[in-house]
Amino acid sequence: MNQKGNISIHTENIFPIIKKWLYSDKDIFIRELISNGCDAVNKYKKLISLGEIEGNKEEKYKINVSIDKVNSTLIFEDNGIGMTEEEVNKYINQVAFSGAEDFFNTYKDKMNEENDIIGHFGLGFYSSFMVSKKVQIDTLSYKEDAVPVRWVSEGGTEFEIMESDSKATRGTTITLFLEEDSKEFLEEYTVRDIIDKYCSFLPVEIYLNTNNEEEVKEENNEDQNNEVIELTPINDTYPLWLKSPKDCTDEEYKEFYRKVFKTFDEPLFWIHLNVDYPFNLKGILYFPKLKNEFELVEGKVKLYNNQVFIADNIKEVVPEFLLLLKGVIDCPDLPLNVSRSFLQNDKDVSKISKHIVKKVADKLKSLSKNEKENYEKFWDDIQVFIKFGCLKDEGFYDKIKECILFKTINSEYVTLNDYLEKCKEKHENKVFYATNEEQQSQYIKLFKDYDLDAVVLDTTIDNHFISMIEFKNQGVKFNRIDADLSDVLKNEDNEENKEQRTDIENLFKDAVGERIKTYSVESLKSEDTSAIILVSEQSRRMAEMKSQFAGMDFGMSFEEEKTLVINDNSSIIKKLVSLNEDESKKDKISLICNQIADMALLANKELDSKQLDDFIKRNNQLMNMIISL
C-alpha cells in the first residue's frame, strides 16, 4: 500500500497567500473539518436509510474533537462513512486540493476587498494546513474487508499513503500537528468558543476532549468514586427553528433567545419563519427589549446554511433595518462563498429577503389587530425599528402603515387616521407634536387648556420619519407644539381689543427689539402665562438640517423664525399696560418686558451664553428693585 507523491497544485505559493488572506479568520479550519465529519456521518446514515447497508440501531453517531497539549495536536474523529485507499487518492489528493486551487483562482482578485467573500467556504480539508506543519489522516471505510489507510503530508505539497496501524473502527481521524504560531488552538476555551460560534447547531453530536490528565479528571471523566462520567455534547443537534411553530412553547422561545444571545433579558415577541416552497427558509427573529433607543444601533441576526454558521448581519440577505433585531435564519438555498455584490444581484436572494420582510410585516399586523393592548405596550420599544424600516423600505411601509401608532400627550395610542379624525374640526390635516414633554410642558398645558391633543415624537429618527409621512400623505402637515398656533389661539376681536393689543405689541417691540422677529397678542386661557414663543415649523426644520450638515455652505442663512405671543389675560401684562403712561417707569417696564421675553425663550429652548448672561443681570436688577421697595 505504501505510496508517495506530490500534490498537483499549479498556482505558485497558493498556501502562503491564502493563509495570509484569511489570517484573521483562520479558525474556520475547525468549522470545515467538523462539517466534513458531519457530512461523513450523514452519508453513512443515508446508505442505511436506502437499505444499501445494515446499520446498528443502537449506534451513537458523533464527532470527537480532542486537544493534546503534550504533543501539540488537535484531533478530529468521526464514525461516519470512512474512506478506502482509492477514495483517499480521489477525495484528498485530487478533489480537496483542486478545490483549494479553484477557491484561490476564483477569489484571488477579491483578496484585497475586506469582508467581501461571505463565509470563506470551499477550502474544506485544505484549511487544516493554515495552522499545521503536518496533517495525518487515519480512516477505515464501512465497506466489508476494508483496510485502514493512513495519509500524511507535511507542508501541503507532498504526501505519503500507507496502511494505518491505529484505526480499527469505521470512520476518519484527522490529526493536526500545529505550527508554533497556532498554539492558541490547544486552549480548551478557545476551541470551545469556535465550535460554539460555527457548529453549535450541527445535526451530529460534537464532544470536546482534553488529553491532559489533570483537565480530563477535573472536567469530565471521573468523580470522587472513580466512576466514569459520560461526556455531554456541546452542540444542539435539533435547534428550535427546525421545529414546527405549533410545537414550540413560549418558554422554549425565550430560553433559546437567552442561550443564543447570552442574555438574561426576555424578548418582547418573536417571528418563527418556516418555509419549504419556493425556497427553503427557517428561522426565528426576536424583537429585543430595549433600555433606550441607542441600543438599536445594531442587533445580531445569525445566518446559517444547513445548521452551519455563515456570518452575522449579512444585509444582502436580511434587509438592513431587520438587522436591528436579533435572530437566526437558516437558508440551505443560499449560495456559499460568494461576494456580497453577487448576493445583491441574485434574484433568489432578493426573493428570500422580500419574504422575510413580508413575514415581519404580517406579524406586526397580526399583533396590531388581534393583540392591540400588548401591541401598544410594545410600541415604545419597537417604534424606532418600525420607523427606520419604513424609511429604508417603501414596501415595508406600504404593508404596515395602518399599524403605525402615535403616543399622545394624554398617554393614549392612536393611528394617524385616528388623530386626524379626532382633530379635524379644530385643525384639519395638521398633526401637532411634542419632542420633549418636560421642556415643552408649558405648551402641553396650553394644549390641554384648549382641549387639544398632540402626539409625542421624541426619538432621533422622527424628523426624517415625519417628512416621509407628509410625502406619503399629501396635505397632512406636522407642526411642533410650539409652532404656528394662530388657528388655535384665534379670538373674536372688537375695535377696543385691537387697539389695546396694538399698544401691547408696540410696547414689547420697543423694549425687546429685533432679537425676536415677530410679535402678536392673544388672550390665552391661563392667566399664569405672560408670554410664549412660537417657532415657524419650516424655519426650524431648515435650521436643524443646517446644524446636521455643519460646515457646509448653503448659500443662505437658516435661522428659526420666532414669534413672541403675549398674553393680554396675564395680570403682569395688564399691570404693564397701566404703568406704560408713566414716563418715570419706562426703564422698569423695558426691563420687565425683556425678562418676560427671555422667560418665554427659556421655556422654549436653552438660552445662548449672551442671552443667559443678560437674563441673569436683569434678574439681579429686579431683585434689587424688590429689596428697595
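## Strands β11, β12 and β13

Strand β11 pairs with strand β13, residues 326-330, through five bridges in the parallel sense. One position in this pairing is Val 301, whose bridge partner in β13 is Gly 327. The model described here is a predicted one.

Strand β11, residues 300-305, also pairs with β12, here in the antiparallel sense and over four bridges. Among the facing positions, Leu 303 has Ala 311 in β12 as its bridge partner. Asn 305 is likewise matched with Val 308 in β12. The two strands β11 and β12 make a hairpin, with two residues between them. Asn 306 lies in the turn of this hairpin and has a positive phi of about 55°.

## Burial of the hairpin strands

Because five of its six residues are buried, β11 is largely enclosed by the rest of the structure. Strand β12, residues 308-312, is mostly covered too, with four of its five residues buried.

## The sheet of β19, β20 and β21

Further along the chain there is an open sheet of three strands, in the order β19-β21-β20, and its pairing is mixed. β19 (518-522) and β20 (531-535) are the edge strands; each has a single partner strand, so one side of each has no neighbour in the sheet. From one strand to the next, the twist averages 25°. As a general matter, the strands of a sheet pair through backbone hydrogen bonds, in either a parallel or an antiparallel way.

Within this sheet, β20 and β21 (residues 562-567) run antiparallel and are joined by five bridges. One of the facing pairs is Ala 531, which stands opposite Ile 566 in β21.

## Helices α16 and α17

Which helix lies across β20 and β21? Helix α17, residues 586-604, does so, and its direction is at about 50° to β20.

Helix α17 also has a helical neighbour. The axis of α16 (residues 571-579) comes within 11 Å of the axis of α17, and the two cross at roughly 155°. That angle is over 145 degrees, so α16 counts as roughly antiparallel to α17. The crossing of α16 and α17 is left-handed.

Which residues meet where α16 and α17 come together? On the α16 side they are Ile 572, Ile 573, Leu 576 and Leu 579. On the α17 side they are Ile 589, Ile 592, Cys 593 and Ile 596.

## The chain as a whole

The strands and helices described above belong to a chain with 18 helices and 21 strands. The chain has 629 residues, of which 50% count as buried. It exposes about 32,800 Å², and carbon and sulfur atoms supply 46% of that area.

How much of the contact in the chain links residues 24 or more positions apart? Of the contacts with a separation of 6 or more, such residues account for 72%.

Technical notes: Residues numbered from 1 in each chain as written. Predicted model: local features only at pLDDT ≥ 70, side-chain atom pairs only at ≥ 80, totals over all residues. Heavy atoms only, no water. Pairing = 2+ DSSP bridges. Axes fitted to C-alpha atoms, helices over the stretch in contact; angles between N-to-C directions. Contact = heavy atoms within 4.5 Å. Buried < 20%, exposed > 50% of the residue type's maximum accessible area, 1.4 Å probe, protein only. Areas by Shrake-Rupley, 256 points an atom, 1.4 Å probe, with all protein chains shown as cover. Parallel < 35°, antiparallel > 145°, perpendicular 65-115°, else oblique. Left-handed = near helix turned anticlockwise from the far one by under 90°.
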